[in-house]
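Visitor: Could you take me through one part of this protein up close? I'd like to see how the inside is put together, and then how the surroundings tie into it.

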Amino acid sequence: MNTFVLYNYFRSSASYRVRIALNLKQIKYEYKAVHLVNNGGEQHSPEYTKLNPSHDVPTLVHNGKPIGQSVAIIEYLDQIEKYKPLYPADPYKLALVRQTIEIVNSGVQPLMNLRPLALLTKSFGASEEQKQAWITHWIEYGLAALEQHLKPHAGRYSFGDEVTAADCFVIPQLFGAERFKVPFDSHPTLKRIFANCMALEEFANAHPSKQPDTPK
Ligand SMILES: N[C@@H](CCC(=O)N[C@@H](CS)C(=O)NCC(=O)O)C(=O)O
């Protein structure tokens, strides 16, 4: 039997990326919630860290085999399920999709993650206002980079009129901008991509507001 179990958290943008990819691939999965705050953070529990040494979500377990890191998981899904390819075959287009992914995955999201924010308070005494200023700075930096990068290539979605892996990363980053109250109205390409992706049920159903662990 082919089983997929996704350890994730409703509000986690990295989890949201993988939920979108699973939906696009029409892969059914078991949802296992890992609460990032309760009980000191369930991502640190001994059972969970056996699956994921980075103490973070998501982790996908396919037929008993765990994979961490959303980039690795989405590439894996694209290789094992050929329905709706998420990466272009053309090497240059592929590089541009990966460039988009890295702007989000290594350029912005790590700086607004729970653990650096907690350290800003614990080790450097940052106030809530200072942390918000930090988050706003890095999100705005990422939004500007994404707008400029995607503008010449975008159609309905980040690259033309077909959904790619880039959209699996851009949309959760835009959700993060909304969550932290950083507007992206001045970025017309990003606004268009967001509206068109959110009109697709694969994106809408993966949204943090609709998950089994979303607070009622
Ligand atoms: N590069 C990782 C990032 C994973 C990540 O940062 N996950 C966050 C939630 S979005 C997390 O689990 N944070 C837990 C913590 O900071 O303690 C990926 O793409 O999977």
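**Around I139 and the core**

Guide: Let's start at I139. Setting aside neighbours within four places in sequence, I139 is in contact with V108, M112, Q173, G176, A177, F180 and V182. Bear in mind that this is a predicted model.

I139 also stands out in a wider setting: the largest nonpolar core has 55 residues, and I74 and I139 are the ones that touch the most other members. Plenty of elements feed this core, with at least two residues each from β1 (4-8), α1 (13-24), α3 (70-80), α4 (91-108), α5 (114-124), α6, α7 (165-179) and α8. The top contributor is α7, which gives nine residues. Both domain 1 (4-84) and domain 2 (91-203) put residues into this core, so it lies between them. There is also a second, separate core of seven residues, with Y31, L36, Y48 and V57 among them.

Now for a residue in α6, namely I135. With a relative accessibility of 5%, I135 counts as buried, because the cut-off for that is under 20%. Leaving out residues up to four places away in sequence, I135 touches M112, L117 and F180. M112 and F180 also turn up in the list of contacts for I139. As for distance, the C-alpha atoms of I135 and Q109 are 9.6 Å apart, with their positions 26 residues apart along the chain.

Staying with α6, look at how this helix meets α8. Helix α6 (residues 128-150) packs against helix α8 (residues 188-198) at about 85°, and the axes are 8 Å apart. Angles from 65 to 115 degrees count as roughly perpendicular, so that is the label for α6 and α8. On the α6 side the contact is made by L143, L146, E147 and L150, and on the α8 side by P188, T189, L190 and I193. Sort the residues of this contact by class and you get six nonpolar, one polar and one charged.

Over at the other residue with the most core neighbours, I74, there's another helix pair to look at. α1 and α3 pack at about 5°, with 9 Å between their axes. Since angles under 35 degrees count as roughly parallel, α1 and α3 are roughly parallel to each other. Their contact draws on A14, R17, V18, A21 and L22 from α1, plus S70, I73, I74 and L77 from α3. By class, this α1 and α3 contact has seven nonpolar, one polar and one charged residues.

Zoom out to the domains for a second. The C-alpha centres of domain 1 and domain 2 are 20 Å apart. Across the boundary, 18 residues of domain 1 are in contact with 19 residues of domain 2.

Last stop: some backbone details worth a look. V57, from that second core, is joined to P58 by a cis peptide bond, with omega about 10°. P58 sits in the loop between α2 (46-51) and β3 (59-62). Then there's N63, which isn't a glycine but has a positive phi of about 50°. N63 is in the loop between β3 and β4 (65-68), and at 36% relative accessibility N63 counts as partly exposed. K84 likewise has a positive phi of about 50° without being a glycine. Its place is the loop between α3 and α4, and with a relative accessible area of 35%, K84 is partly exposed.

Conventions
Residues numbered from 1 in each chain as written. Predicted model: local features only at pLDDT ≥ 70, side-chain atom pairs only at ≥ 80, totals over all residues. Heavy atoms only, no water. Axes fitted to C-alpha atoms, helices over the stretch in contact; angles between N-to-C directions. Helix = DSSP H or I, 4+ residues; strand = E, 2+ residues; numbered from the N terminus. Parallel < 35°, antiparallel > 145°, perpendicular 65-115°, else oblique. Contact = heavy atoms within 4.5 Å. Nonpolar A, V, L, I, M, F, W, Y, C, P; charged D, E, K, R; others polar. Core = buried A, V, L, I, M, F, W, Y, C linked by side-chain atoms within 4.5 Å. Buried < 20%, exposed > 50% of the residue type's maximum accessible area, 1.4 Å probe, protein only. Domains from an automatic or database assignment.
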